[in-house]
Amino acid sequence: MAGNGSNDDDEKTRRFRDAALPHLDDVYTLARYLLRNTADAEDAVQECYLRALRHFNAFRGPEIKPWLFAILRNVCRGECTRRSRSPLANNVAAEENEDAVPLWQESTVSPELEILRQRDGNTIRRLVEELPEPFREAIVLREINELSYREIADVVGAPIGTVMSRLARARSMLREAWIAEEQEESLLT
Amino acid sequence: MTCAEAKILLHALLDGELDADHAYEVEAHVGNCPHCAADSHGYREMQLALSAAQLRFTAPIGLRRRIERALPSSPPRISSRRSILKGFAMGTALSAAMAASLVIGVIRTDQDHRLVADVVSAHVRSLQVEHLTDVQTSDQHTVKPWFNGKLAVAPPVVDLTAQGFTLIGGRLDYIDGKAVASIVYRRRSHVINLFVAQGSGSADHDAKLETMQGFNIQRWSAHGLEFFAVSDVNADELREFVDKFEAALQRSTELTERINGSLVSSPDRK
């Protein structure tokens, strides 16, 4: 029989595997939206799982998904800084310090959105991907990964109030882009 | 409440994150302010469109393999079973009959466990390989005949769109080495695979919940069929799915006959 230490390790690995692997698609989805690149997303997710396993002893539940997201986010940040493309770091300050000037004009009851509901996933995906950080991150965590405000706040390390205002901005930007897209398309036809 | 406040809180309302007092205040404001009402409507629409669109990505199979390789799984079940058997070998006071029944107990659990594991991996596979459906349609009258001739049973297909579970198609799958039907539903962005296999002949039993690898599984048997509903939706919603499925099934009374009819459809050519 092997020593106790390696049994504990096996047990830990098995618990980690059972808890973390089911969220692989979620983690990969977030990585895709944060890095907007397949190869980088794959690398980041792999690194995220390795780090998560290493620090699994420090994990204090209950939900493992937000914890994995927080690790992934750190990995992505490191990656962005290293490549000094830095879409995560650069846009943040500028965008958030702006006054909360409404980004949309007088809105009417919007029949256009009724049409937009038929939009295919690819277009919506692109519109989400084109949002600047940290608004893209906020909307992906909320709408696609279905985290609560509390969980989002924990993942991004910001107060709930900040999460709330980021989401509001993110949605108004997305809605504007969405409507613009539709108008552009109707001009072409 | 001012429009500026409402503009932020509106989103928390849409996300179900406001307490009752604040929710009431925001709703009152929206009720009196056409501008905010229009926003509220627009965002609601957008939220629905986002949840209906397929915005999630599936991790490439290569990535999954790489990560799995980095996490070698230990086989704890075998060792626990071995230790039970070792107990017998060491001459415990248990009678042979008792020992035998214990062993059967262990083995049966293992078999059940393997079956559930099989169901879960079929579910995961269906999400991974972009092979969720063989026949893709929300029309139950298209899905049902599609299985004809492919299986020994005619799986019941009911449309639960009105109840919040959208039928998206059907697929042939293999569980425990046998071909089974999978009827695929969607709840928001979550997929529910409902596996239907020929019953083992034992009595009907009510749905019971199991969990494995973070997935919820509801397993029940009825109408001579064995059902497994698997998904990552939470346990309550999966229970709701089972209840609504069974209720819808009850309504179509002629169904049992049809199943029986197809079971005895031996080739009786004249």
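The paragraphs below walk through a predicted model of two chains, A and B, from their overall make-up to their packing and a few local details. Residues are numbered from 1 along each chain as its sequence is written, while chains are lettered from A and ligands numbered from 1 in the order in which they are written. Because this is a predicted model, local features need pLDDT of at least 70 and side-chain atom pairs count only at pLDDT 80 or more, whereas totals for chains, interfaces and linings use all residues.

Let's start with chain A. It has 10 helices and 0 strands, where helices (H or I, at least four residues) and strands (E, at least two) are DSSP runs numbered from the N terminus. Of the 189 residues in chain A, 39% are buried. Here a residue is buried if 20 or more other C-beta atoms lie within 10 Å of its own, exposed if 12 or fewer, and partly exposed in between, with C-beta atoms placed from the backbone. Among the contacts in chain A with a separation of 6 or more, 69% are between residues 24 or more positions apart; two residues are in contact if their C-beta atoms, placed from the backbone, lie within 7 Å.

Chain B has 9 helices and 7 strands. Its 270 residues include 27% that are buried. For contacts in chain B between residues at least 6 apart in sequence, the share joining residues at least 24 apart is 55%.

Now to the interior. The largest nonpolar core has 61 residues, and those touching the most other members are Val27(A), Ala31(A), Val45(A), Cys48(A) and Leu72(A). Such a core is a set of buried Ala, Val, Leu, Ile, Met, Phe, Trp, Tyr and Cys residues joined through C-beta atoms within 7 Å. Leaving aside residues up to four places away in sequence, Leu72(A) touches Val27(A), Leu30(A), Ala31(A), Ala44(A), Val45(A) and Cys48(A). A second, separate core of 34 residues includes Val124(B), Phe215(B), Phe228(B) and Leu238(B).

Several of these names return in a helix pair of chain A. Helix α2 (residues 24–35) and α3 of chain A have axes that come within 9 Å and cross at roughly 130 degrees. Axes are lines fitted to C-alpha atoms, for helices over the stretch in contact, and angles run from 0 to 180 degrees between N-to-C directions. The crossing angle makes α2(A) oblique to α3(A), given that angles under 35 degrees count as roughly parallel, over 145 as roughly antiparallel, 65 to 115 as roughly perpendicular and the rest as oblique. From α2(A), the contact uses Val27(A), Tyr28(A), Ala31(A), Arg32(A) and Leu35(A), and from α3(A) it uses Asp40(A), Ala41(A), Ala44(A), Val45(A) and Cys48(A). By class, this contact has 8 nonpolar, no polar and 2 charged residues; Ala, Val, Leu, Ile, Met, Phe, Trp, Tyr, Cys and Pro count as nonpolar, Asp, Glu, Lys and Arg as charged, and the others, Gly among them, as polar.

Helix α3(A) also takes us across to the other chain. Helix α3 (residues 38–54) of chain A packs with helix α4 (residues 61–70) of chain B at an angle of about 20 degrees, with the axes 10 Å apart. This angle makes α3(A) roughly parallel to α4(B). Glu42(A), Val45(A), Gln46(A), Tyr49(A) and Leu50(A) meet Leu63(B), Arg66(B), Ile67(B) and Ala70(B) there. The residues of this contact divide into 6 nonpolar, 1 polar and 2 charged.

For the two chains as a whole, 40 residues of chain B are in contact with 47 residues of chain A. On the chain B side, α3(B) gives the most, with 11 residues. That side divides into 22 nonpolar, 9 polar and 9 charged residues.

Finally, some local details. In chain A, a cis peptide bond, with omega about 0 degrees, joins Glu133(A) and Pro134(A). Pro134(A) lies in the loop between α7 (121–129) and α8 of chain A. Helix α8 (residues 135–144) of chain A has 10 of its 10 residues buried, so it is largely enclosed by the rest of the structure. After α8(A) comes the loop to α9 (149–156), where Glu146(A) lies. Glu146(A) has a positive phi of about 60 degrees although it is not a glycine, and is partly exposed, with 14 other C-beta atoms within 10 Å.
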